[in-house]
Amino acid sequence: MLKRILFSIFSLLVVIMVVMFLVYTAINRNVIFQSDDVWNKRSGNERSMYEYSQFQKYGYLDFVNYTSFLQSKYYAIYGDSYTSQKDYIADKNAIKDSAAFQNNESVQEFAQKYASEGFKIKYLAPITYKSGKVKPGGDAYLLAERERSVFQRLLTYLRNFITAETTKDVQDPELTDRYVRVEKDPYSGLFAVVGSGTTHKYLLYFDGRFPFIHQNWLHLNLGTSYTTYRGMEITTVMTSSTGDLKTERTQYPAKIGTDEYVETAIDFHSLTYNTGTVSASDAANFPDKYTVYSYKRDSLSILETSFLIGLMATVLQYFLGIPLGIWMSRHKNGFGDKLGNAYIIFVMAVPSLAYIFMFSAVATTLLGLPYKFANTEVRVLAYIMPTFSLAMPWIGSLMKWTRRYMIDQMNSDYVKFARAEGLSEKEIYRIHISRNAIIPIVHGIPANILGCLTGALVTEQVYGVPGVGRLLITALNQHDNGVIIACTVFYTTLSIVALILGDVLMAAYDPRIKLSGEGGGGR
Amino acid sequence: MTNEPVVNNMENKDKFVIIGNDDIASEKIIAPRYSYWRSVGRVFFRKKLNIFLIVAFILILLASFVVPVFCPYDPMENVTNAATFNMSPVKAMAYFGKSAPPLKWILGTGPQGNSIFYGLFSSAKTSLLLAMACAAINMSVGIIMGAVWGYSKKFDAVMLVIYNIVANVPYLLLVSVLVYVVGSGFGSFIFALTITGWMSIAYFFRTQVMIIRDREYSLASRCLGTPIPRVVSKNILPFLTSVIVTLLATELPMYISMEVYLSFIGIGLSATIPSLGRMISQAQSAFRTFPWEFWPPVLVASMVTIILYLLGQNLADATDPRTHM
């Protein structure tokens, strides 16, 4: 079992590495500037500099600007007044002369220092009009840049994959009182783990939202979105709730105990440390510098939406697929069996998109169900179509396998023997056949949940459901490499967990199967 | 008849000639002649549905590979004439009148004044070509690799690791990301679907080969000194004919579905190649307002896949020697 888990982790690493390699080498890196307003506004050398800074932000390269090199050099000598020093200004202006800039000592020092570290020195010559006047955005720049290899990128990604908050996280000398302790939480009425010095104030707390207990201590870092949610952490994108603001009558932390109430959507459990200056109004409302917050919204997060629909579809498919399969096997070659087989062939052969559209056309016209996820008044109705569409192919395959297993078991010797002993057909089915036939079905449960989650790649796009599948497809269309890698990691991890869980479940259900042992472990 | 005395053999010895005995002939067992493929045909054509399926399949092939030659599809034909965009069948027939080929506008026009009816044939051609190319590559590579994989222990160890890694990634996700990486186009599409697609087929074959490899008749054959390539090609592969056809029956429709899905999410074939998926994806936002643009490709895709699937399944049944009784 341990070997199996280790191998799974190894394969996850390989998958991340291969996908990173493919995505970062094959895709033109300039796609990150698609529909980037800053990039569009800038021109000439300024645009190039912006590109370098963005490439660094998204992990393509490391680069150092000559000006910042000078700043740190002269700050060390003169302190805060370095900007008015003559030698600083002379060095700074040296690069404006494209013919003679290399004679400057600081430039030489800069070039030597970074060339020895493997950087490439690049000089962006000033872009001028014929008169010699510099064009807008045409200022000269000197910089050193070094490409990051995929391997380095992977290491950084993995190093930051899971981070835990500590009381040393906040870099603020003013904050002297650093602790983590259990306090009474005025917002839930229960207790909460509260930190000072950590990025989040509430590390563990309860509230009325599923799953009711939440934590801000461990963070999974899947990377940063490039284009779809520019610059946002993908974990945040996936887990933060969407929809309209949900206002509540509540109190600011500093006002607790008074009778001053406010109508606000602020989620006081989301407070993070403010490293800047606290405004006067915030200072009145908050007892400490934890004043940065997010809002409560009334819809589920991307992740929750996908999981909710996926789980509902899984429940639905077992609820329908198994009884139908059993019924078909008991009325073999009857009309119902033939109808069931026709359905199975239909969902096996026809492209899922085709039957999803047929189904939605029928259901929306006959039952008047909403056909797009967004435009519906009653939220519950919006889930019906995606759930059913997602379950359709799996109901078919469950029917097929259940029927097959049942028929196989019916012809086995032990059933014939049971019949000879005089057991009724009902008893044979209930006690003997279903127990054996259910084993491979149990094995498939986690894989089916996974299937429902990946199947969402189609249904979420058809119905416009804001879920992980749609996130991935939008990312593919907008060249959002960060999200693509994050979604690959997400789906692959789920898949690995599902495969392992399937085997564990089967071993738990069937005493004849052992996971470890001579040659039995692994697959 | 006259009653002559019985002639003594010994006395007429010289009348007989010794012809020796034929060792080979004595080994022969008289059995009815059995031809495998003739039996397959007999079982297959016993069902009336199969004849219908064969005819339908030939019609589909003709429609998608011959019709586009005579009725060339040009999606940009009326792109400058905005009056022809999104015309219903009735309007289009009236608008183009008798000057046009008789059936060209029977299904109306698309968002750029293109003929839906002609588009169907060219699109079906693309989809079928893609599916056939992918199936041919995946099946042949899969079967050959599977046979080697099932036989060689060293190869097995290496391939299992690779397979277990690849199998962890959901196929739909894998193909989406690959198509995204290699870019859109006919060739890159085939590349994305085949680069790992053969692996599951090969894995399936590995297991089948391993099962049959250790059967008694196969062991006996090896004891008698039959070389391994001959064991594989004569003892094992014939046994797997029906398995191969069953696989083909599910693979072909699957590739068509893949094309439809990838074009639908916007990363499939390039915009200039007409395909069923592209037609569906172009019309999906307007499937209520312009149903004549949306439903024909959906129905054609369903029809083609169902016919391929059923034909394959029934052929697989017929190729199984156990049904030849």
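This report describes the overall form of chain A and one of its sheets, with the helices that lie across that sheet. The model is predicted.

**Overall form**

Chain A holds 17 helices and 15 strands. Its radius of gyration is 31 Å, well over the 24 Å that the globule rule gives for 523 residues, so chain A is more spread out than a compact globule. The C-alpha trace spans about 105 × 60 × 55 Å along its principal axes. Buried residues make up 30% of the 523 residues of chain A. Of the contacts in chain A between residues at least 6 apart in sequence, 64% join residues at least 24 apart.

**A sheet and its helices**

Strands of a sheet pair through backbone hydrogen bonds, either parallel or antiparallel. In chain A, three strands form an open sheet in the order E1-E3-E2, with antiparallel pairing. Strand E1 (61-65) and strand E2 (120-124) of chain A are the edge strands, each pairing on one side only. From one strand to the next, the twist averages 30 degrees.

Strand E3 (residues 141-147) of chain A runs antiparallel to E1(A), and five bridges join the two. Within E3(A), Leu143(A) is the bridge partner of Asn65(A).

Two helices that lie across strands of this sheet are listed below, each with its angle to E1(A).

| Helix of chain A | Strands of chain A crossed | Angle to E1(A) |
|---|---|---|
| H3 (residues 44-57) | E1, E2 and E3 | about 135 degrees |
| H4 (residues 66-78) | E1 and E3 | about 60 degrees |

Helix H3 of chain A thus lies across E1, E2 and E3 of chain A, while helix H4 of chain A lies across E1 and E3 of chain A.

Definitions and conventions: Residues are numbered from 1 along each chain as its sequence is written. Chains are lettered from A and ligands numbered from 1 in the order in which they are written. This is a predicted model: local features need pLDDT of at least 70, side-chain atom pairs count only at pLDDT 80 or more; totals for chains, interfaces and linings use all residues. Helices (H or I, at least four residues) and strands (E, at least two) are DSSP runs, numbered from the N terminus. The radius of gyration is taken over C-alpha atoms; the globule rule is 2.2 Å times the number of residues to the power 0.38. A residue is buried if 20 or more other C-beta atoms lie within 10 Å of its own, exposed if 12 or fewer, and partly exposed in between; C-beta atoms are placed from the backbone. Two residues are in contact if their C-beta atoms, placed from the backbone, lie within 7 Å. Two strands pair if DSSP finds at least two bridges between them. Axes are lines fitted to C-alpha atoms, for helices over the stretch in contact, and angles run from 0 to 180 degrees between N-to-C directions.
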